[in-house]
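Biologist: I am new to this structure and would love a close look at a single part of it. Could you take me through the place where two of the chains come together?

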Number of protein chains: 6
Amino acid sequence: MPISARNKLRGKIEELQLGDVMAHVVVRVGDNLIESVITRRSADELKLKKGDTVSAVVKATEVMIQKD
Amino acid sequence: MPISARNKLRGKIEELQLGDVMAHVVVRVGDNLIESVITRRSADELKLKKGDTVSAVVKATEVMIQKD
Amino acid sequence: MPISARNKLRGKIEELQLGDVMAHVVVRVGDNLIESVITRRSADELKLKKGDTVSAVVKATEVMIQKD
Amino acid sequence: MPISARNKLRGKIEELQLGDVMAHVVVRVGDNLIESVITRRSADELKLKKGDTVSAVVKATEVMIQKD
Amino acid sequence: MPISARNKLRGKIEELQLGDVMAHVVVRVGDNLIESVITRRSADELKLKKGDTVSAVVKATEVMIQKD
Amino acid sequence: MPISARNKLRGKIEELQLGDVMAHVVVRVGDNLIESVITRRSADELKLKKGDTVSAVVKATEVMIQKD
């Protein structure tokens, strides 16, 4: 079931912090760390845990460009 | 001038498509291609062009997690 | 491959307008029309067309609440 | 005072969870449940509670399309 | 009908550019110019034009903080 | 290092509330208060505190227009 979001970065969960409503997820993708904030409920329902292989998914309209 | 956005992925512009109001930017970051849609005006003002070194910047609240 | 986005609204594409960089998609979901703007490239790659069954997917952090 | 956001889904609050900074709101819209994360302050100021009639409002650029 | 979005900046439209799918709107708010990209359809339906008094509305989760 | 985000509103932090995962930041910009929700980690790493001069940064695609 393909989705229109153009960015899917595959990696492994390196850290997971559960808050009351939100959860902070850190995913290692190659040399980069991708950080995500999702609902606590999604973290629970997906049973996310350190070491899981996941994809960080981002809609193209959410990506900014910074020039060096 | 550091910014709160937690994701900054450094790469090179591999493709740039200019539309009337928006522009589509493809950035190579390691093994991944990151795609971004920004305003045509920003693309013009930043004088973006193929081969430029840039960072793709994403706020953590915009990143979803997909389980494999 | 479940995703953390909490909103998936199933419906049928009722209208599709292709622009240079972006595409406007209108999906009928029950009594509601859901409108989406995605990249033209995603619309092309997913081969979207009128009548297709799709889901409109929205991250919970993007949903506002308006009181009557 | 009409707003440019193209999606307004009317329903009833079915669940409300208040966190320290954020609040999780679940709204029944026809056969669907729409989930929203807003600030705790907005939940307090709007005096949201279970059973309230509200609209879930989403900007079209935040809606992705997933093909079946 | 109050909305949970915490930022409403009142000003006047100083410039409006209509594209095929999207429209670029520039609003003067005090000493600042606020730029917005909305659908062309919303710009048409709201009959936006230069000089209109409008509010730029932003959800708090979309605002980043940059330190000087 | 210029960024494509078109809105940068300079002001002073008037209030800062730290939650478990997220932080709520209120910035005075001229006559307006801008409210932002960022990760607790960014608030800590940027060492944000009341009185700091900061910019609120917003991508144009996140700004809606409401007519009076």
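Modeller: Happy to! Let us begin with the area buried between chain B and chain A, which is about 3300 Å², with carbon and sulfur atoms giving 56% of that area. Please keep in mind that this is a predicted model. The contact itself involves 35 residues of chain B and 35 residues of chain A.

What holds charges together across this interface? Between chain B and chain A the count is six salt bridges. One of them joins the side chains of A:Asp68 and B:Arg10, with 2.2 Å from N to O. There are polar contacts as well: 16 residue pairs are found across the interface of chain B and chain A, both residues being at pLDDT 80 or more.

Now look at the side of chain B that touches chain A. Strands S1 (7-18), S2 (22-29), S3 (32-39), S4 (53-58) and S5 (64-67) of chain B each supply at least two of its residues. S3(B) gives the most, with seven residues. Sorted by class, this side of chain B has 18 nonpolar, eight polar and nine charged residues.

The two chains also share strand pairing, and here the picture becomes quite pleasing to trace by eye. Start with a sheet that draws on both chains: five strands form an open sheet with antiparallel pairing, in the order S5(A)-S4(B)-S1(B)-S2(B)-S3(B). Its edge strands are S5 (64-67) of chain A and S3 of chain B, each of which pairs on one side only. On average, neighbouring strands of this sheet are turned by 45° against each other, direction ignored.

Where does chain A join that sheet? S5(A) pairs with S4(B) in the antiparallel sense, over four bridges. If you would like a residue to find on screen, A:Lys67 stands opposite B:Val54 in S4(B).

There is pairing between strand S4 of chain A and strand S5 of chain B, too. Strand S4 (residues 53-58) of chain A and S5(B) pair over four bridges, again in the antiparallel sense. Here A:Val57 has B:Met64 in S5(B) as its bridge partner. So that you can follow both places together: S5(A) pairs with S4(B), and S4 of chain A pairs with S5(B).

It may help to set this beside another contact of chain A, the one with chain D. That contact takes 13 residues from chain A and 19 residues from chain D. The area buried between chain A and chain D is about 1300 Å², of which carbon and sulfur atoms give 55%. On the chain A side, A:Asp20, A:Val21 and A:Arg41 supply 41% of the area that chain A buries against chain D, more than any other three residues. A:Arg41 has a further part to play, as its side chain meets that of D:Glu15 in a salt bridge (2.6 Å, N to O). The count between chain A and chain D is one salt bridge. Polar contacts across the interface of chain A and chain D come to nine residue pairs, both at pLDDT 80 or more. By class, the side of chain A that touches chain D has six nonpolar, three polar and four charged residues.

To return to the part you asked about, a good route is to find A:Asp68 and B:Arg10 with their salt bridge, then A:Lys67 opposite B:Val54, and then A:Val57 with its bridge partner B:Met64.

Terms used. Residues are numbered from 1 along each chain as its sequence is written. Chains are lettered from A and ligands numbered from 1 in the order in which they are written. This is a predicted model: local features need pLDDT of at least 70, side-chain atom pairs count only at pLDDT 80 or more; totals for chains, interfaces and linings use all residues. Side-chain values use heavy atoms; hydrogens and water are left out. Contact means heavy atoms within 4.5 Å. Buried area is the accessible area (1.4 Å probe) that two parts lose on being put together, summed over both. A salt bridge is a side-chain nitrogen of Lys or Arg within 4 Å of a carboxyl oxygen of Asp or Glu. A polar contact is a pair of N or O atoms within 3.5 Å; within protein, one must be able to donate a hydrogen and the other to accept it, and residues adjacent in sequence count only if both atoms are side-chain atoms. Ala, Val, Leu, Ile, Met, Phe, Trp, Tyr, Cys and Pro count as nonpolar, Asp, Glu, Lys and Arg as charged, and the others, Gly among them, as polar. Two strands pair if DSSP finds at least two bridges between them. Axes are lines fitted to C-alpha atoms, for helices over the stretch in contact, and angles run from 0 to 180 degrees between N-to-C directions.
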